[in-house]
Amino acid sequence: MTDDNCIFCKIANGVIPSTTLYEDEQFRVILDLGPASRGHALILPKQHFADVCDLDGEIAAKVLPLGAKIGAAMKKSLECSGFNLVQNNGESAGQTVFHFHMHIIPRYENGPSIVSWTPGTASPEELAQIAEKIKSSL
Ligand code: 5GP
Ligand code: ZN
């Protein structure tokens, strides 16, 4: 199913043109219009899913291998030395387009830090308490 009001549904299904790297029956992989680095790409399923929690199991199983395939091609063709697979869920996590997508961000030697955080601290008691909370909702 697609959503008429969703820009990524339109791009994924070719209604709006994009710079496409790869396409099959279920996915389109495009270059991001606001790249974090040279070659930054997005994997878009052709069906509409809001985020990873909404994702169909068959599509989910194909996303990671597709990310690896595109990332490997980037390493060969763009001379990046690595890549990040990044996937945001929810506004607080940085999601701005509410159609599931995975970022493939090529990384270059001495390039800027793109995905990073400052490690915090947590006591063993805190870790145990948090783990119990999450486990009770699985
Ligand atoms: P999010 O922040 O939701 O994880 O990522 C959305 C991404 O989509 C951003 O990196 C943004 O640059 C990209 N983007 C938003 N609109 C368009 C568009 O119309 N075309 C393309 N190619 N990328 C887009
Ligand atoms: Zn959509």
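Me: What spacing do the donors of the zinc ion (ligand 2) follow along the chain?

Reply: Reading along the chain, you find C-x2-C-x38-H-x50-H. This is a predicted model, in which local features need pLDDT of at least 70 and side-chain atom pairs count only at pLDDT 80 or more, while totals for chains, interfaces and linings use all residues. Residues are numbered from 1 along each chain as its sequence is written, chains are lettered from A and ligands numbered from 1 in the order in which they are written, and side-chain values use heavy atoms, with hydrogens and water left out.

Me: Which atoms coordinate the zinc ion (ligand 2), and what makes them donors?

Reply: The SG atoms of C6 and C9 and the ND1 atoms of H48 and H99 do, at 2.0 to 2.3 Å. A donor is an N, O or S atom within 2.8 Å of the metal (3.2 Å for Na, K and Ca), so these sulfur and nitrogen atoms qualify. Water is not among the atoms, so sites may look incomplete.

Me: Why is this site called tetrahedral?

Reply: The angles among the four donor atoms of the zinc ion (ligand 2) run from 105 to 117°. Four donors count as tetrahedral if all angles lie between 85 and 135 degrees, so the site earns the label. For reference, the ideal angle for four tetrahedral donors is 109.5 degrees.

Me: What makes C9 and H99 a link between distant parts of the chain?

Reply: C9 lies in helix α1 (residues 7-12), while H99 is in the loop between β4 (82-86) and β5 (102-107), 90 residues apart. Helices and strands here are DSSP runs (H or I, at least four residues, for a helix; E, at least two, for a strand), numbered from the N terminus. Both C9 and H99 are buried, a term that stands for under 20% relative accessible area, with exposed over 50% and partly exposed in between (1.4 Å probe, protein chains only).

Me: How many disulfides are there?

Reply: A disulfide is a pair of cysteine sulfur atoms within 2.5 Å, and by this rule the count is zero. Take C53: its nearest cysteine sulfur, that of C6, is 17 Å away, and C53 is in no disulfide.

Me: Is C53 buried or exposed, and how do you know?

Reply: C53 has 72% relative accessibility, so it counts as exposed. C80 has 5%, so that cysteine counts as buried.

Me: What makes a group of residues a nonpolar core, and how many residues has the largest one?

Reply: A nonpolar core is a set of buried Ala, Val, Leu, Ile, Met, Phe, Trp, Tyr and Cys residues joined through side-chain atoms within 4.5 Å. The largest has 15 residues, and V29, I43 and I104 have the most contacts inside it. The elements giving it two or more residues are β2 (27-31), β3 (41-45), α2 (57-78) and β5. Five residues, the largest share, come from α2. A second, separate core has eight residues, including C6, C9, I11 and A12.

Me: Why is H40 called buried, and what does H40 touch?

Reply: Its relative accessibility is 5%, so H40 counts as buried, although H40 is found in the loop between β2 and β3. Contact means heavy atoms within 4.5 Å. Beyond four places in sequence, the residues H40 touches include I30, D32, H103, I104 and P106.

Me: And why does P106 count as buried?

Reply: P106 has 0% relative accessibility, so it meets the rule. This residue of strand β5 has contacts beyond four places in sequence with, among them, R38, H40, M74 and C80. From C-alpha to C-alpha, P106 and R38 are 6.8 Å apart, yet 68 residues separate them in sequence.

Me: What is notable about the phi of E79 and of N110?

Reply: Most residues other than glycine have a negative phi. E79 has a positive phi of about 60°, and the phi of N110 is also positive, near 60°. E79 sits in the loop between α2 and β4, N110 in the loop between β5 and α3 (124-135).

Me: Why are E79 and N110 called exposed?

Reply: E79 has a relative accessible area of 70% and N110 has 81% relative accessibility, so each passes its cut-off.

Me: How many helices and strands does the protein have?

Reply: Three helices and five strands, in the order α-β-β-β-α-β-β-α along the sequence.

Note on methods: Tetrahedral: all angles 85-135°; square planar, octahedral: opposite > 155°, others 65-115°.
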